[in-house]
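Work through the exercises below with the sequence and the coordinates open. Each task is followed by its solution.

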Amino acid sequence: MTCGGRDAAACGLFGLTVLLSACAAGTPAALRPETAHAVEPKGYLSAAAIRSLADAVPAPPPVGSPTDQADKARSDRFRALEDSDRWLLATAHAELRPPLALQHFDCALGLRLGSTETPNLNRLMQRLFDDSDAAAELVKSRAFRPRPVGDDPSRRPCQTVSEAGRKSASYPSGSSTVAAVYGEAFAALEPERASEVRRIAHEMGLSRLVCGMHYPSDVATGETLGKSVFDAAVDTPGFADDLAAARLELAAVRATGLTSPGCASERLALATPLP
């Protein structure tokens with residue numbers, strides 16, 4: 001592989017993007033319409049709790065409303081970032097499942113996840129993924145809003161998307177819901193780095209705008225839902241024990257002294273002004 005005119009940092013980001021894309025465990029649930037009517041979730045929350053959270057989410061902006069028009073106007077401006085460093089980072093952010101998705105937080109945490117086994121951390125995050133994904137999918141099943149790539153078939157996504165994926169529901173952003181719940185979990189695990197991990201969670205949501213997969217309102221609503229999912233999960237039996245076990249593993253990873261080689265490229269990408 002050659003990097004053309006890119007500097008070393010940008011080349012590193014390209015390599016990271018290719019690695020994560022190649023290792024992805026398939027299309028995230030948010031792009032699989034068949035998951036919209038999920039059975040009892042496998043996370044911390046009961047189906048009743050998931051329904052209660054979904055019930056609290058407002059309907060998507062009506063077509064042609066001022067919010068809808070503003071969403072579409074801003075989404076169109078994101079086309080300017082196609083093939084940029086921020087676009088490549090957004091491609092990497094499309095991987096949402098543990099354990100690979102947890103590496104998006106390496107630089108914010110100042111360590112290198114994947115350097116040692118972390119089964120308890122992975123289990124904690126997988127259960128939170130299941131809860132947040134189930135909540136977002138339930139909302140999607142109740143009111144359909146097309147994605148930017150669905151509204152405009154010529155729109156380039158930053159990831160491989162099937163025709164069914166293009167036509168799947170955009171509101172709320174399931175990716176943003178998942179990213180937000182990860183951010184809250186890492187903030188609880190390492191409070192001293194709360195602002196950094198929450199920033200990355202938010203950037204993962206913004207990546208869905210870069211990709212043309214969601215509108216701004218979809219992302220904002222998804223973030224709110226993800227934080228609500230986390231708050232609900234905290235009060236469930238066993239959550240505190242799982243968090244404590246994951247915290248010990250995170251400390252062991254930190255003790256290795258290893259850090260991610262992709263942090264310079266991530267800083268470069270995140271410095272890109274957004275429209």
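**Exercise 1: one helix and its two sides**

In this predicted model, the buried residues of helix H3 pack against helix H7 (148-151) and H11.

Task: State which residues of H3 are buried, and why they lie on the same side of H3.

Solution.
1. Check the length of the helix. H3 covers residues 66-77, twelve residues, so at 1.5 Å a residue it should span 16 Å; the end C-alpha atoms are 17 Å apart, which agrees.
2. List the buried residues: Asp68, Asp71 and Ser75.
3. Look at their directions around the axis. They cover an arc of only 60°, so they sit on the same side of H3.
4. Turn to the other side of H3, where Pro66 and Gln69 are exposed.

**Exercise 2: the nonpolar cores**

Task: Find which residues touch the most other members of the largest nonpolar core, and which element gives the largest share of this core.

Solution.
1. Start with the core itself. It holds 50 residues, and Leu128 and Phe186 touch the most other members.
2. Go through the elements that give two or more residues to this core; among them are helix H2 (47-55), helix H6 (119-142), helix H9 (174-189) and helix H12 (239-255).
3. Pick out the main contributor: H6 supplies ten residues, the largest share.
4. Follow Phe186 outward. Beyond its neighbours within four places in sequence, its contacts include Leu102, Leu121, Met125, Val197 and Leu250.
5. Keep the second core apart from this one: a separate set of 14 residues includes Trp87, Ala90, Val149 and Met213.

Conventions: Residues are numbered from 1 along each chain as its sequence is written. This is a predicted model: local features need pLDDT of at least 70, side-chain atom pairs count only at pLDDT 80 or more; totals for chains, interfaces and linings use all residues. Side-chain values use heavy atoms; hydrogens and water are left out. A nonpolar core is a set of buried Ala, Val, Leu, Ile, Met, Phe, Trp, Tyr and Cys residues joined through side-chain atoms within 4.5 Å. Buried means under 20% relative accessible area, exposed over 50%, partly exposed in between (1.4 Å probe, protein chains only). Helices (H or I, at least four residues) and strands (E, at least two) are DSSP runs, numbered from the N terminus. Contact means heavy atoms within 4.5 Å. The expected span of a helix is 1.5 Å times one less than its number of residues. The arc is that of the directions from the helix axis to the C-beta atoms.
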